[in-house]
Amino acid sequence: MVRHRNGNARADLAHPSPGASLSQLMLTREENVELHIREMDEGAVRLESAPLSLQVEPTSICNLHCTICGREAWDSTKNPPGEMPPWVIDAVTPILPSVSELLVGGYAEATLSKTMWPLLKAALDAGCPSRLISNGTRLDQAMCERLLRTGLKFLVISADGATETTMRKIRGVGLEETLAGFTEIHRAADRLNMPPPICNLSFVATRSNVHELPALIDLAADRGVSEIFVGHFKIYREELHDESLFHDVDLGKRHFDAARKRAESRGVVLKLPRFDRRNSDCLMPFQMLFVKWNGKVLACCSAVFENDHYSLAAGDLSKESIMDIWNNTVMLNYRRAVREGGELPKMCRNCAFRHDTLEAHTRLL
Ligand code: SF4
Ligand code: SF4
């Protein structure tokens, strides 16, 4: 039986005894994974295991205006600039000893936030591996050294082209300026005699940039990147509709094939999106929570900003603890619907995380 660190049966966690802090009752990461696997095998909907991963955005501010980003179309009244207050970090800290990974970032640039540092420190103190998602533009020597001292395990930089022209057109910044973060973090690691984080690159594929993916794989491999995640472009604005690869699947497949070969030859792991998924189960609400800068919590990482159609709101840390949200009605209803084949929440029925179709990837705001 998986047991608490203090030796009590794990079932007590839903009702911590007065005076016992939640952090005392959390499982180790290994115990949590073990319990999660068992609960999934048993078809549980109320999960006594904690989320396997937690994504937290310390700020909603960004220094770029990428054309492909939901920020360029979102309702700015509902999505004001904001910085995570310390109480939100306090609210997520108790589960970090059980969580397998803390992802830091959202539809924003986390390095602009002062709160990112205490958040990373909380992960370090809990022994929780952290992954920073960044646009790369602020990763100078001082920033890289500080990140290494927080024990950063993974660094993900987003780049959507292999040429200056494409990068400037999509992201409004230069290619070298973006990729330099990989070089800088390795230099800083050498200087501090510390291991560098595992470096990953994220690429959003469109009809205009997909042909540059093989060349970007080379540039990334030259800079120590070991893994590249490619995602389908989500259409937040009508004027970018034609950019979707779902308008020309053959084009996408052709360049993905070339990219696959290039990645193999360079020893880079390449994760490509598919074109053929329909009605697949989304297991995110069994595995993770997304915490917004203001303490609002989502059940998944779909459209992580205020909107009425594309994300599943789960709760608010100012009203419920994170473990209470993890097993609240929203989460249980979703899990039950997946387990029993019931009706999913409206935003899930045609979600891009369940279907590879033009319709599902069209998210007009
Ligand atoms: S850097 Fe990221 S969050 Fe900022 S505008 Fe670009 S895609 Fe959006
Ligand atoms: S189907 Fe989509 S909206 Fe629903 S939980 Fe999964 S990612 Fe979130």
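**A walk from an exposed loop to the core**

Let's start with asparagine 279, which counts as exposed because it has 7 C-beta neighbours inside 10 Å. Here a residue is called exposed if 12 or fewer other C-beta atoms lie within 10 Å of its own, buried if there are 20 or more, and partly exposed in between, with the C-beta atoms placed from the backbone. Asparagine 279 belongs to the loop between β7 and α10, and although it is not a glycine, its phi is positive, about 55°. Helices (H or I, at least four residues) and strands (E, at least two) are DSSP runs, numbered from the N terminus.

Before going on, a word on what you are looking at. This is a predicted model, in which local features need pLDDT of at least 70 and side-chain atom pairs count only at pLDDT 80 or more, while totals for chains, interfaces and linings use all residues. Residues are numbered from 1 along each chain as its sequence is written, and chains are lettered from A and ligands numbered from 1 in the order in which they are written.

Now step back to the whole chain. The protein chain holds 13 helices and 10 strands, and its C-alpha atoms fill a box of roughly 60 × 50 × 45 Å along the principal axes. Its radius of gyration is 20 Å, which agrees with the value near 21 Å for a compact globule of 365 residues; this radius is taken over C-alpha atoms, and the globule rule is 2.2 Å times the number of residues to the power 0.38. Of the 365 residues, 42% count as buried. Call two residues in contact if their C-beta atoms, placed from the backbone, lie within 7 Å. Among contacts between residues at least 6 apart in sequence, 71% join residues at least 24 apart.

Some of the pairs that are far apart in sequence are easy to find on screen. Glutamate 48, in the loop between α2 (29-42) and β1 (53-56), is buried because it has 21 C-beta neighbours inside 10 Å. Its C-alpha lies 9.0 Å from that of methionine 323, 275 residues away in sequence. Lysine 292 sits in the loop between β8 (288-291) and β9 (296-298) and is also buried, with 26 C-beta neighbours inside 10 Å. From lysine 292 to glycine 106 is 186 residues along the chain, but 8.1 Å between C-alpha atoms. Beyond its neighbours within four places in sequence, lysine 292 is in contact with Glu57 and Val304.

Next to Val304 in number comes alanine 303, in the loop between β9 and β10 (313-316). Alanine 303 has a positive phi of about 45° although it is not a glycine, and it is buried, with 22 other C-beta atoms within 10 Å.

What lies at the heart of the packing? The largest nonpolar core has 96 residues, of which Val104 and Leu289 touch the most other members. Such a core is a set of buried Ala, Val, Leu, Ile, Met, Phe, Trp, Tyr and Cys residues joined through C-beta atoms within 7 Å. Helix α4 (residues 116-126) gives the most to this core, with 6 residues. Setting aside residues up to four places away in sequence, leucine 289 touches Pro51, Leu54, Val297, Ala299, Ala314, Ile322, Ile325 and Trp326.

Helix α8 (residues 213-222) shows how one element can be packed. Its buried residues are Leu213, Pro214, Leu216, Ile217 and Ala220. They lie on the same side of α8 because they cover an arc of only 155° around the axis, the arc being that of the directions from the helix axis to the C-beta atoms. Their cover includes β5 (198-205), β6 (225-232), α9 (249-266) and β7 (269-271). After α8 comes glycine 224, with a positive phi near 85°.

Finally, look at the two ligands. A residue is near a ligand if its C-beta atom, placed from the backbone, lies within 6 Å of it. Around ligand 1 you will find residues including Cys62, His65, Cys66, Cys69, Arg71 and Glu109. The shell around ligand 1 divides into 6 nonpolar, 3 polar and 2 charged residues. Here Ala, Val, Leu, Ile, Met, Phe, Trp, Tyr, Cys and Pro count as nonpolar, Asp, Glu, Lys and Arg as charged, and the others, Gly among them, as polar. Ligand 2 has 13 residues around it, and Cys282, Cys300, Ser302, Cys348 and Cys351 come nearest. Two or more residues of this shell come from each of α10 (284-287) and α13 (346-349). By class, the shell around ligand 2 has 10 nonpolar, 2 polar and 1 charged residues.
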